[in-house]
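Work through the exercises below with the sequence and the coordinates open. Each task is followed by a solution in steps.

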Amino acid sequence: MNRNAAAISADNNADRFKNFGIGLMITLSVAIGLYAVAFQMGMQGAPDIQAKFAEWPVFSAMHVIGGAIVIITGGFQFWPSLRRDHINFHRWLGRIYLVFVLIGGIGGLVIAPRSDGGLVAHFGFGTLAVLWLFSGWQAYACIRRGDIASHRAWMMRNYSMTFGAVMLRVYLALFATAGIGFVDAYPTVSWIAWVPNLILVEWYLALKAAKRITT
């Protein structure tokens, strides 16, 4: 195999791995989004959690339904062919995404002080809501002024926090498997569900920036 053929093979393998990762992300996101819809309809969720959300019905619904629409629609925005071949659909999906980030973020910010896990969890979810709203606004402002590269970066940051809804369930399951109960795990999970996601995105963006400088 010559050098060009090897490079092409490596690129094809990288593309397959990337597409698998995006597909897995979309699958998990849609599953959690549908679960959120079922929760809002009273079809899923423990009775005590349903009762807690019922104390703030409007803001809880804003957070749950807004978050469901955001996590379902957002994952598809990373599919390369959607951005390349269906640009108008991509734009409208992005508009829907950002509108419901606003709705879900406001709802999340209001109910964060009512979350389980004490002050640590309150600040964890409250900080998440603030940064979620801020990054959504930045993504909108960037695309309005035609700065596509910055828009994409802010959307990646935003969705990394959106994907915290998936990671929250993953970490809770891991803690439960390790014998750590919900009450003890939840304050930690309120931070690790989204902070590592955001760090990974910043690392990826930094690598891309460094590559542009060297080339």
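**Exercise 1. Salt bridges**

Task: find how many salt bridges a search of the whole structure gives, and place the partners of lysine 52, arginine 114 and arginine 157.

Solution.

Step 1. The search finds four salt bridges, where the criterion is a side-chain nitrogen of Lys or Arg within 4 Å of a carboxyl oxygen of Asp or Glu. The model is predicted, so local features need pLDDT of at least 70 and side-chain atom pairs count only at pLDDT 80 or more, while totals for chains, interfaces and linings use all residues. Residues are numbered from 1 along each chain as its sequence is written, and side-chain values use heavy atoms, with hydrogens and water left out.

Step 2. One of the pairs is lysine 52 with aspartate 116, whose closest N and O atoms are 3.7 Å apart. This pair joins distant parts of the chain, 64 residues apart: lysine 52 belongs to helix α2 and aspartate 116 to the loop between α5 and α6. Helices here are DSSP runs (H or I, at least four residues), numbered from the N terminus. Lysine 52 is partly exposed because its relative accessibility is 28%, and aspartate 116 is partly exposed because its value is 31%. The classes are buried (under 20% relative accessible area), exposed (over 50%) and partly exposed in between, with a 1.4 Å probe and protein chains only.

Step 3. Arginine 114 and glutamate 55 form another salt bridge, at 2.1 Å from N to O. Here too the link is between distant parts of the chain, 59 residues apart, with arginine 114 in the loop between α5 and α6 and glutamate 55 in the loop between α2 and α3. Arginine 114 has a relative accessible area of 37% and is therefore partly exposed; glutamate 55, at 44%, is also partly exposed.

Step 4. The side chains of arginine 157 and glutamate 202 meet at 2.5 Å, N to O. They are 45 residues apart and link helix α7, which holds arginine 157, to helix α10 (residues 195-214), which holds glutamate 202. Arginine 157 is buried because its relative accessible area is 16%, whereas glutamate 202 is partly exposed at 34%.

**Exercise 2. The second largest pocket**

Task: describe the volume and the lining of the second largest pocket.

Solution.

Step 1. The volume of the second largest pocket is about 1,000 Å³. Of its 41 lining residues, Phe53, His63, Leu168, Arg169 and Tyr186 are the closest to the centre. On a 1 Å grid over the protein atoms alone, a pocket is an open set of points where a 1.4 Å probe fits, with protein on both sides within 12 Å along at least five of seven lines, and lining residues have an atom within 4 Å of a point. The volume is the space filled by probe spheres set on the points, which are joined across faces, edges and corners.

Step 2. Assign the lining to helices. Those that supply at least two residues each include α1 (3-40), α2 (47-54), α5 (87-111) and α9 (182-192). The largest share, six residues, is from α3.

Step 3. Sort the lining by type: 26 residues are nonpolar, 11 polar and four charged. In this count Ala, Val, Leu, Ile, Met, Phe, Trp, Tyr, Cys and Pro are nonpolar, Asp, Glu, Lys and Arg are charged, and the others, Gly among them, are polar.

**Exercise 3. A nonpolar surface patch**

Task: which residues make the nonpolar surface patch, and which helix gives the largest share?

Solution.

Step 1. Trp137, Tyr140, Ile143 and Ile148 make a patch of about 410 Å². Patch residues have over 30% relative accessible area and no salt bridge, and nonpolar side chains (Val, Leu, Ile, Met, Phe, Trp, Tyr) are joined within 5 Å. Areas come from the Shrake-Rupley method with a 1.4 Å probe.

Step 2. Three residues, the largest share, come from α6. Tyrosine 140 lies in helix α6 and is partly exposed because its relative accessibility is 37%.

**Exercise 4. Burial and distance**

Task: is tyrosine 97 buried or exposed, and how far is its C-alpha from that of tyrosine 159?

Solution.

Step 1. Tyrosine 97 is in helix α5, and its relative accessible area of 1% makes it buried.

Step 2. Its C-alpha is 9.9 Å from that of tyrosine 159, at a sequence separation of 62 residues.

Definitions and conventions: Patch = residues over 30% accessible without salt bridge, like charges linked within 9 Å, V, L, I, M, F, W, Y side chains within 5 Å.
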